[in-house]
Amino acid sequence: MHTLRIRAARSGTYGQPGGPGAAVFDHATRPAADQGIPEQAIRKVRRRVLPVIVLLYFIAYLDRNNVGFARAGLEEDLGLSDAAYGLGAGIFFIGYVLMEVPSNAGMYRYGARRWIARILVSWGIMAVAMAFVRGEASFHVIRFLLGAAEAGFFPAVLFYFTLWFPVAQRVAALGVFVLAQPVANALGAPFSGLLLNLDGALGLQGWQWVFLVEGAPAVLLGLLAPLLLTDRPAEARWLSGPEREWLTRTIDAEAAATPAAGRAGFLAGLKDRRSLVYGALNFGMVCGIYGLGLWLPTIVDAIGGYSSTQLGLITMIPYAVSVPCVYYWSRRADRTGRRAWHASVSLVLAAVGLVGAAFLLAVSPVAALASLSLAAIGIYAAVAPFLAMPSAALSGAAAAAGLGLVNALGNVGGFVAPYAVGLIKSGTGDLRIALVALAACLAVTGLLVHRFAASRPESTAAPRIPAADRPATRTAVGR
């Protein structure tokens, strides 16, 4: 009697040999007809989980950045200075940072699905409330409360991905997720510009319509989130029995293979040195993201006088250009497994783009816009490979705490960068100095990411091999 034995020669497709989350699965006892189960399961997860999460993050990013388009109206109607606006734009992140780790504790206690729904409803209410600010104090208070309400959403999603995507697929999944940032800005820019044209409709100013219309969807999606999301693969009725079994076994095996320090309790995750270092590096990256995002409409307006609609359409160009580049770069990082290298190169590229924009603003509007596009490509392309590293280093309660800390420390940059840009612009009257400062921050961060992470196990992953090209299977016939 003959037996058929099929064994994967490489585990790189669904695990990382020798690294965190490493898991080797023996297919010897699996029937040949079941060999496609991993691919089917991952395909279904991508189609079911990613669209919902990307939509939620799209709304989140729209609500935190639309203040950039409301800036002119806020300054005119409320008398805000550049420094006051910069403080209000950045104070969002103070509330966000203070509530980040407590929010992640609630997420781990009550489950990502219900906690994400709670976050959506509360931030939607605060986003709508922004339409009713009446002065500098109320502007700062509501921005702070908006940050506190949204706290925990991003690390909750990172943690949620560790429950659904094996390590070797996580960079690509994060890449699709991160696309919501430039897409939100690309689509949000012209949309916000159009809403500004409603100035005077129903007695409301254009900036008020921006906050009302763009804040309401978060409340609606928060009510729908419990129906759209599933907590864990074992509870997914939209997966077949064998697919649920394979995915649950794979995720559990990777978590078990994480070094003991990465599987410790919630408090240990906060004390983990990697959480602190990746959080500090995330600070540098986030300074670039929000320094650019919250001031880009102002930068574009400095190129030439534009109407609200024109400003929105031109502002979308850097973000629209970055979308295919981010997707390609995250897929390339997934294929090659070189996460630290991809993150570092992207951050240095972003720095070059900002410096170019700073010195080309007065020379050539087209060249300045091209440089801003290069900066957007670099900034957003760095996010997925960078965040995949702390996600691979930690699991379980330690991941919930550690990822919350990484995001909390990183988002301090969301406060520092807009406020610093506002202070520099108010003090010198020259936006170029602020752009060069942001560029320096990104360049140094890129170099430090490579120095710290390049030799660490979580910075590399076994290359993914397409099924058609995989020399991973061989058959041996014996008695």
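At 22% relative accessibility, Arg456 counts as partly exposed, that is, between the limits for buried (under 20% relative accessible area) and exposed (over 50%), computed with a 1.4 Å probe on protein chains only. Its side chain meets that of Glu458 in a salt bridge, with 2.8 Å from N to O; the term denotes a side-chain nitrogen of Lys or Arg within 4 Å of a carboxyl oxygen of Asp or Glu. Glu458, in contrast, is buried, at 1% relative accessibility. The pair therefore joins a buried acidic residue to a partly exposed basic one.

The model is predicted, so local features need pLDDT of at least 70 and side-chain atom pairs count only at pLDDT 80 or more, whereas totals for chains, interfaces and linings use all residues. Residues are numbered from 1 along each chain as its sequence is written, and side-chain values use heavy atoms, with hydrogens and water left out.

The protein contains 18 helices and two strands, both taken as DSSP runs numbered from the N terminus (helices: H or I, at least four residues; strands: E, at least two). Of its 479 residues, 58% count as buried. Contacts, defined by heavy atoms within 4.5 Å, reach across the sequence: among those in the protein with a separation of 6 or more, 82% are between residues 24 or more positions apart. The accessible surface of the protein comes to about 18000 Å², and 65% of it belongs to carbon and sulfur atoms; such areas come from the Shrake-Rupley method with a 1.4 Å probe, and for residues only the protein chains shown count as cover.

The interior can be described through its nonpolar cores, which are sets of buried Ala, Val, Leu, Ile, Met, Phe, Trp, Tyr and Cys residues joined through side-chain atoms within 4.5 Å. The largest of them has 116 residues, and the members that touch the most others are Ile116, Trp123, Phe153, Phe161, Trp164 and Phe386. Helix H16 (residues 365–393) supplies the largest share of this core, 16 residues. Apart from it lies another core, of 22 residues, including Ala89, Ala131, Leu196 and Leu204. Leaving aside residues up to four places away in sequence, Phe386 touches Tyr278, Leu281, Asn282, Met285, Ala343 and Val449.

Contacts can also be followed from helix H17 (residues 396–428), in which Val412 lies. Val412 is partly exposed, at 29% relative accessibility. With residues up to four places away in sequence not counted, Val412 touches Val97 and Phe283. Val412 and Gly284 are 128 residues apart in sequence, yet their C-alpha atoms are 9.4 Å apart in space.

Side chains of opposite charge can pair when their charged atoms come close. The structure holds four salt bridges, one of them being the Glu458 and Arg456 pair described above. Another links Glu243 and Lys44, whose closest N and O atoms are 2.9 Å apart. Because Glu243 belongs to helix H10 (residues 241–257) and Lys44 to helix H1 (residues 37–65), this pair ties together parts that are 199 residues apart in sequence. Glu243 is buried, at 2% relative accessibility, while Lys44 is partly exposed, at 32%.

Helix H10 also holds a salt bridge within itself. There Glu245 pairs with Arg249, the closest N and O atoms being 3.5 Å apart; the two residues are four positions apart, about one turn of the helix. Glu245 is exposed, with a relative accessible area of 52%, and Arg249 is partly exposed, with 35%.

Disulfides, pairs of cysteine sulfur atoms within 2.5 Å, number zero in this structure. The sulfur of Cys287 has that of Cys441 as its closest cysteine sulfur, but at 4.2 Å the two are too far apart for a bond. Cys287 is buried, at 4% relative accessibility, and Cys441 is partly exposed, with a relative accessible area of 24%.

On the surface, Leu220, Leu224, Leu227 and Leu228 form a nonpolar patch, with about 380 Å² of accessible area together. Patches are made of residues with over 30% relative accessible area and no salt bridge, with like charges joined within 9 Å and nonpolar side chains (Val, Leu, Ile, Met, Phe, Trp, Tyr) within 5 Å. Leu227 lies in helix H9 (residues 206–228) and is exposed, at 67% relative accessibility.
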